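Trainee: Hey, I'm opening a structure I haven't seen before. Could you walk me through some of it?

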Amino acid sequence: AVGTVRRVARRVTMTSASADVAAARQRRDVVLSIIERGEVGDIGGDGATTAPTMGGGRSLSLSAKTPRRAASGGATTATTGRKRRRGEAAMGVVVDDDDGDDGNDDADEVDGGEAKRAASGEDAGVRDAVLASATASIMTVNERAQAINELLSQRKIELFRRGDALVYARVREEHAAKFKGLSTEDMLVYQIIQHAGNTGMWTKELKARSNLPAPQITKIFKTLEARKLIKAVKHVAQQNRKVYMLFELEPSREITGGAWYTEHEYDAEFINVLREQCVKFIYSQEKVTLEEVSEFVRQSKLSHVELGVDDVLQIVSTLVYDGKVDKIEDESVDDGMADAPDEAFVPKTYYRKAALPIPESNAYSDIPCGVCPVINECRPDGLINPISCEYMTAWLDY
């Protein structure tokens, strides 16, 4: 009899556990369905849509209205996420416990998902307040938080910020396939690099933020690079060190050095050619604006990379400093009506051929005396004198 009771108790326990697992799976499916419907804009004119029903025939409505309970639900979700960060590195939130900030972990939410969606023209996702409102009648705040955390850890949804609101979005299948099989440590390293943006992350800094040993980080780098999730980029200022960033990002000018560097080497030849062509164009015109010079450079296809107005300004400025070009400000178009400080008149800037060009060389600068740093100590009977000066002798022999 005792054995029978134990078997029945065990069977009841297993049935109860199975029911809990099934209910949790159903809650995940409902949350995922709401997020998908929100992404495709399946919202009626009254701002609501009906999602699939759960057990018992209960249905839910996706509404833009945010009741008081939804606001508290959003806070609970964020709190639950913070508690699970160490164990659930794949949640889409950067683990930033040791960065010495003000302790506001919510400010460290990953923005990479939002940036990629904005670049691709997508405006997808469901705000946390809307999701809380939609599920308020069918699941508790803790149940919703658990469903969201499980979906994040499974890489089925991603979490990012849009303005001041948290937004959930469905992870695309092709995107999710790249992360399939990655460990928690792999995802942790990926998310830290993602948080760094196009300025990249040094290995030493990443080690400090992740608390992982260097050999393991090196192995993770190889895994992520093989999947084309990240890439290594040499820093132009410190070429013996590498920074890591997401594979699809373009390095910042601080990393690459901008248009004046080719394969991390200063391209003096390219700059000289660009200067010569800009001089010829300016000399062929009475006067030109910076925008006209920039348009000339663009149409002449002198550069394989696109040069912005700021890049062309750097080139033209060197011509001004060398005395080849004059910079003039034309105030003749001022109508005298700009009296208010915020309406101050800004004269138009032009460039033209220098009226008094600085010569490449002159007689005084050619002789050694013209650039001699000790000329004040030079005298016929002194230790430093023109007769025994080796520089003067070499100049006379030349």
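Mentor: Sure, we'll go through a sheet, two helix pairs and a residue, keeping in mind that this is a predicted model.

Trainee: Okay, sheet to begin with. In what order do the 3 strands sit?

Mentor: The order is E3-E5-E4, in an open sheet with antiparallel pairing. Strand E3 (126-127) and strand E4 (157-162) are the edges, each pairing on one side only.

Trainee: How many bridges are there between E4 and E5?

Mentor: There are 6 bridges between E4 and strand E5, which covers residues 165-170. To find your place there, look for Ile157, which stands opposite Arg170 in E5.

Trainee: And which helix packs on that sheet?

Mentor: That's helix H5, residues 141-153, and it touches E4 and E5. The direction of H5 makes about 105° with that of E4.

Trainee: Switching topic: Val189. Where is it found, and is it buried or exposed?

Mentor: Val189 is in helix H7, which spans residues 184-196. It has 0% relative accessibility, so it counts as buried.

Trainee: What does Val189 touch, leaving out residues up to four places away in sequence?

Mentor: Leu206, Leu212, Ile220, Phe221 and Leu224. Also, the C-alpha atoms of Val189 and Ser210 are separated by 6.9 Å, though the two residues are 21 apart along the chain.

Trainee: So how do H7 and H9 pack?

Mentor: Helix H9 is residues 214-226, and its axis is 10 Å from that of H7, at an angle of about 80°. Angles of 65 to 115 degrees count as roughly perpendicular, so that's the word for H7 and H9.

Trainee: Who makes that contact?

Mentor: On the H7 side, Glu185, Asp186, Val189, Tyr190 and Ile193; on the H9 side, Gln216, Ile220, Phe221, Thr223 and Leu224. By class, that gives 6 nonpolar, 2 polar and 2 charged residues.

Trainee: Cool. Now the other pair: at what angle do H11 and H12 cross?

Mentor: Roughly 125°, with the axes of helix H11 (residues 268-283) and helix H12 (residues 290-300) coming within 11 Å. H11 and H12 are therefore oblique to each other, and their crossing is right-handed.

Trainee: Which residues make the contact there?

Mentor: H11 brings Leu274, Gln277, Cys278, Phe281 and Ile282, while H12 brings Glu292, Val293, Phe296 and Val297.

Trainee: And how does that contact split by class?

Mentor: The contact of H11 with H12 has 7 nonpolar, 1 polar and 1 charged residues.

Notes
Residues numbered from 1 in each chain as written. Predicted model: local features only at pLDDT ≥ 70, side-chain atom pairs only at ≥ 80, totals over all residues. Heavy atoms only, no water. Axes fitted to C-alpha atoms, helices over the stretch in contact; angles between N-to-C directions. Helix = DSSP H or I, 4+ residues; strand = E, 2+ residues; numbered from the N terminus. Parallel < 35°, antiparallel > 145°, perpendicular 65-115°, else oblique. Left-handed = near helix turned anticlockwise from the far one by under 90°. Contact = heavy atoms within 4.5 Å. Nonpolar A, V, L, I, M, F, W, Y, C, P; charged D, E, K, R; others polar. Pairing = 2+ DSSP bridges. Buried < 20%, exposed > 50% of the residue type's maximum accessible area, 1.4 Å probe, protein only.
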